[in-house]
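The report below describes how one protein chain is put together, moving from its overall order of elements to its cores, its aromatic rings and a few individual residues. It is meant to be read alongside the sequence and the structure.

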Amino acid sequence: MNRLKLFIPLIVFVVLAGFFWWSLSSGYNPQDLPSALIDKRVPAFSLPRLDDESQLTSHQDLLGELALVNIWATWCVACKVEHPFLNQLAQSGIRIVGLNYKDDSQAARQWLQELGNPYRWNIVDQQGRLALDLGVYGAPETYLLDRDGIIRYKHVGIIDQQVWDTKFLPIINTMN
């Protein structure tokens, strides 16, 4: 019986290695996190804007035209990597609304001043209530909303040209 106990670490290792191999070979992609909100309206909210914290914004402000809602923060390294591409999208006419997630507002304003501001406006979500309602796992995440405020797609991670071309554009093309 004591000799059998010696093999327990080996058995645990083999089980974990098997699980790891299965996740790699099955095509598992951690960016393909499902969202229960796909094809549902963006949750109701009323939060301040980053540029003028006395001015509240709500889910009604997201209606009327196609929009990306980008969850970002100054503490997010990946957000800094993604930021130049968001600036390009904004310059091409894509409406991007920022959700500044659990961040210092002053640091966020300074960050946008230094790196450029791709956002039409930013929602301040210091407590993360709206992010929780959206099912945010972390930053960056981006939601594609149609003209009626219906969430059509959720992307976890950095948006770059490849992601834009392969994930977002096909959905946008079906919405027009």
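## Overall architecture

From the N terminus on, the order of elements in the protein chain is α-α-β-β-β-α-β-α-β-α-β-β-α, which amounts to 6 helices and 7 strands. The model is a predicted one, and its local features are limited to residues with pLDDT of at least 70. The protein chain has 176 residues, of which 42% count as buried. Among its contacts between residues at least 6 apart in sequence, 70% join residues at least 24 apart.

## The nonpolar cores

In soluble globular proteins, nonpolar side chains tend to be buried together. In this model the largest nonpolar core has 23 residues, and those with the most contacts inside it are Leu68, Trp72, Leu89, Leu144, Trp164 and Phe168. Two or more residues of this core come from each of strand 3 (67-72), helix 3 (77-91), helix 4 (105-115) and helix 6 (161-175). A second core, separate from that one, has 19 residues and includes Val42, Leu99, Tyr101 and Trp121.

Two members of the largest core show how its parts meet. Leaving aside residues up to four places away in sequence, Leu89 touches Leu68, Ile94, Ile96 and Trp164. Trp164, which is found in helix 6, counts as buried because its relative accessibility is 6%. With the same exclusion of residues up to four places away, Trp164 touches Leu68, Phe85, Leu89, Ile94, Ile159, Leu169, Pro170 and Ile172. Trp164 and Phe85 are 79 residues apart along the chain, yet their C-alpha atoms are separated by 9.6 Å.

## Aromatic pairs and a charge over a ring

A pair of aromatic rings is described by the distance of the centres and the angle of the planes. A search of the whole structure finds 5 aromatic pairs, and two of them are set out here.

| Pair | Type | Centre to centre | Angle between planes |
|---|---|---|---|
| Trp75 and Tyr101 | tilted | 6.2 Å | 50° |
| Tyr153 and Phe168 | edge-to-face | 5.1 Å | 90° |

The pair of Trp75 and Tyr101 links distant parts of the chain, with Trp75 in the loop between strand 3 and helix 3 and Tyr101 in strand 4 (residues 96-101), 26 residues apart. Trp75 is classed as partly exposed because its relative accessible area is 45%, whereas Tyr101, at 12% relative accessibility, counts as buried. The pair of Tyr153 and Phe168 also links distant parts of the chain, with Tyr153 in strand 7 (residues 151-156) and Phe168 in helix 6, 15 residues apart. Both Tyr153 and Phe168 are buried.

Trp72, Trp111 and Tyr119 form one aromatic cluster. Elsewhere, the charged end of Arg49 sits over the ring of Trp121, at 4.5 Å from the centre of that ring.

## Helix 4 and its two faces

Which residues of helix 4 are buried? They are Ser105, Ala108, Trp111 and Leu112, and they lie on the same side of helix 4 because they cover an arc of only 120° around the axis. The face turned away from this buried side carries Gln113 and Glu114, which are exposed. The buried residues of helix 4 are covered by parts of the structure that include strand 3, helix 3, strand 4 and strand 5 (121-125). Helix 4 is followed by Gly116, which has a positive phi near 95°.

Within helix 4, Ser105 is buried, with a relative accessible area of 5%. Not counting residues up to four places away in sequence, Ser105 touches Leu50, Glu53, Val124 and Gln126. The C-alpha atoms of Ser105 and Glu53 are separated by 9.1 Å, although these residues are 52 apart along the chain.

## A buried polar residue in strand 3

Is Asn70, which lies in strand 3, buried or exposed? Asn70 counts as buried, because its relative accessibility is 0%. The side chain of Asn70 makes a polar contact of 2.9 Å with the side chain of Thr142. Apart from residues up to four places away in sequence, Asn70 touches Glu82, Leu86, Ile96, Val97, Gly98, Leu99, Tyr119, Glu141 and Thr142.

Definitions and conventions:
Residues are numbered from 1 along each chain as its sequence is written. This is a predicted model: local features need pLDDT of at least 70, side-chain atom pairs count only at pLDDT 80 or more; totals for chains, interfaces and linings use all residues. Side-chain values use heavy atoms; hydrogens and water are left out. A nonpolar core is a set of buried Ala, Val, Leu, Ile, Met, Phe, Trp, Tyr and Cys residues joined through side-chain atoms within 4.5 Å. Buried means under 20% relative accessible area, exposed over 50%, partly exposed in between (1.4 Å probe, protein chains only). Helices (H or I, at least four residues) and strands (E, at least two) are DSSP runs, numbered from the N terminus. Contact means heavy atoms within 4.5 Å. Rings of Phe, Tyr and Trp (its six-membered ring) pair if their centres lie within 6.5 Å; planes under 30 degrees apart count as stacked, over 60 as edge-to-face and the rest as tilted. A charge sits over a ring if NZ of Lys or CZ of Arg is within 6 Å of the ring centre and within 35 degrees of the ring normal. The arc is that of the directions from the helix axis to the C-beta atoms. A polar contact is a pair of N or O atoms within 3.5 Å; within protein, one must be able to donate a hydrogen and the other to accept it, and residues adjacent in sequence count only if both atoms are side-chain atoms.
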